[in-house]
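User: Please take a close look at a single part of this model, the short stretch that interests me most for packing, and set it in the context of the whole chain. I would like one connected account rather than a list.

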Amino acid sequence: MPLGGTSNHFRTEALRAIHGWDPYNVTEDADLGIRLAQMGYRVTTLDSTTFEEATNELGNWLRQRSRWLKGYMQTWLVHMRRPHGLLKNAGIKGFLGFQLFIGGTILTTLLNPILWVLSLLPLLLGISGMTDILGPLLPHTAALSLIVGNGLFTYLAMLGPYRRGWLSLSPYGLAAPFYWLLISVAGYRGFWQLITNPWHWEKTRHGTTKMAAQ
């Protein structure tokens with residue numbers, strides 16, 4: 001499990017067994033989850049609510065997400081240096097989970113704008129011409145991914161606050177497609193930083209919301 005950064009609780013002996021945090025990984029909690037699994041440790045979720053302050057400024061949010069995604073890229077590259085070792089230590093389920101949660105997050109973030117373009121180009125240039133260039137199935141596959149993928153993401157974004165009784169927040173789930181565009185911007189920004197400045201840690205400013213000011 002790629003751990004999140006909110007309210008993690010560790011046994012000291014477990015952290016010592018895996019030699020603590022990786023000081024060069026800018027998403028160290030995700031990396032910790034992978035290394036704990038390879039050492040045979042398990043993670044459970046407490047049934048609780050953590051009211052962590054979310055970023056409410058675009059620049060602040062973009063810096064945070066760029067760092068997270070850059071850290072996911074670092075984590076994938078580090079653990080895939082020896083894929084046979086990862087498979088042996090984490091097992092087939094752990095190995096596939098790693099590819100899905102870490103590799104899949106990176107892949108979908110970077111591919112999302114490309115799929116959008118492949119979906120829109122047939123409408124702008126004519127499906128027959130794009131079919132000749134891309135093949136008959138690719139534009140339709142891209143369109144299906146655009147509709148189903150973003151539709152499901154929108155549904156989940158609206159369902160979460162609804163089930164908690166925060167009905168006023170549910171309509172904001174309709175902005176999920178714009179979130180995907182922004183997360184792709186953050187992904188490419190993180191990818192560029194991975195090449196040019198891999199160890200730079202962009203800080204997230206906190207204490208900027210109305211609740212924090214009270």
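Analyst: Helices are taken here as DSSP runs of H or I with at least four residues, strands as runs of E with at least two, and both are numbered from the N terminus. On that basis the chain of this predicted model has eight helices and zero strands, and its elements, read from the N terminus on, follow the order α-α-α-α-α-α-α-α. Of the 214 residues in the chain, 34% are buried, and among contacts between residues at least 6 apart in sequence, 71% join residues at least 24 apart.

The part to look at closely is helix H2, which covers residues 28-38. Ten of its eleven residues are buried, so H2 is largely enclosed by the rest of the structure; buried here means a relative accessible area under 20%. The buried set includes Glu-28, Asp-29, Asp-31 and Arg-35 as well as Ala-30, Leu-32, Ile-34 and Leu-36. Just after H2, Gly-40 adopts a positive phi of about 90°.

Two of these buried residues, Ala-30 and Ile-34, belong to the largest nonpolar core, which has eleven residues and also includes Tyr-72, Met-73, Phe-95, Phe-98 and Leu-194. An α-helix has 3.6 residues a turn, so residues three or four places apart point the same way. The elements that supply two or more residues to this core are H2, H3 (58-79) and H4 (83-125), and H4 gives the most, with six residues. Apart from this core lies another, of six residues, among them Leu-36 together with Ala-14, Leu-15 and Ile-18. H2 thereby has buried residues in both sets, with Ala-30 and Ile-34 in the largest core and Leu-36 in the other one.

The contacts of Ile-102, itself a member of the largest core, add detail around Ile-34: leaving aside residues up to four places away in sequence, Ile-102 touches Ile-34 as well as Pro-2, Tyr-72, Trp-76 and Gly-97.

Beyond the cores, the second largest pocket holds about 650 Å³ of space, and of the 20 residues that line this pocket, Asn-8, His-9, Val-43, Thr-44 and Thr-45 are the closest to its centre. The lining of the second largest pocket is made up of eight nonpolar, ten polar and two charged residues. As for the outside of the chain, its accessible surface comes to about 14100 Å², of which 66% belongs to carbon and sulfur atoms.

How values were computed. Residues numbered from 1 in each chain as written. Predicted model: local features only at pLDDT ≥ 70, side-chain atom pairs only at ≥ 80, totals over all residues. Heavy atoms only, no water. 1 Å grid on protein atoms, 1.4 Å probe; cavity = no way out; pocket = protein on both sides within 12 Å on 5 of 7 lines; lining within 4 Å. Points joined across faces, edges and corners; volume = space filled by probe spheres on them. Nonpolar A, V, L, I, M, F, W, Y, C, P; charged D, E, K, R; others polar. Core = buried A, V, L, I, M, F, W, Y, C linked by side-chain atoms within 4.5 Å. Buried < 20%, exposed > 50% of the residue type's maximum accessible area, 1.4 Å probe, protein only. Contact = heavy atoms within 4.5 Å. Areas by Shrake-Rupley, 256 points an atom, 1.4 Å probe, with all protein chains shown as cover.
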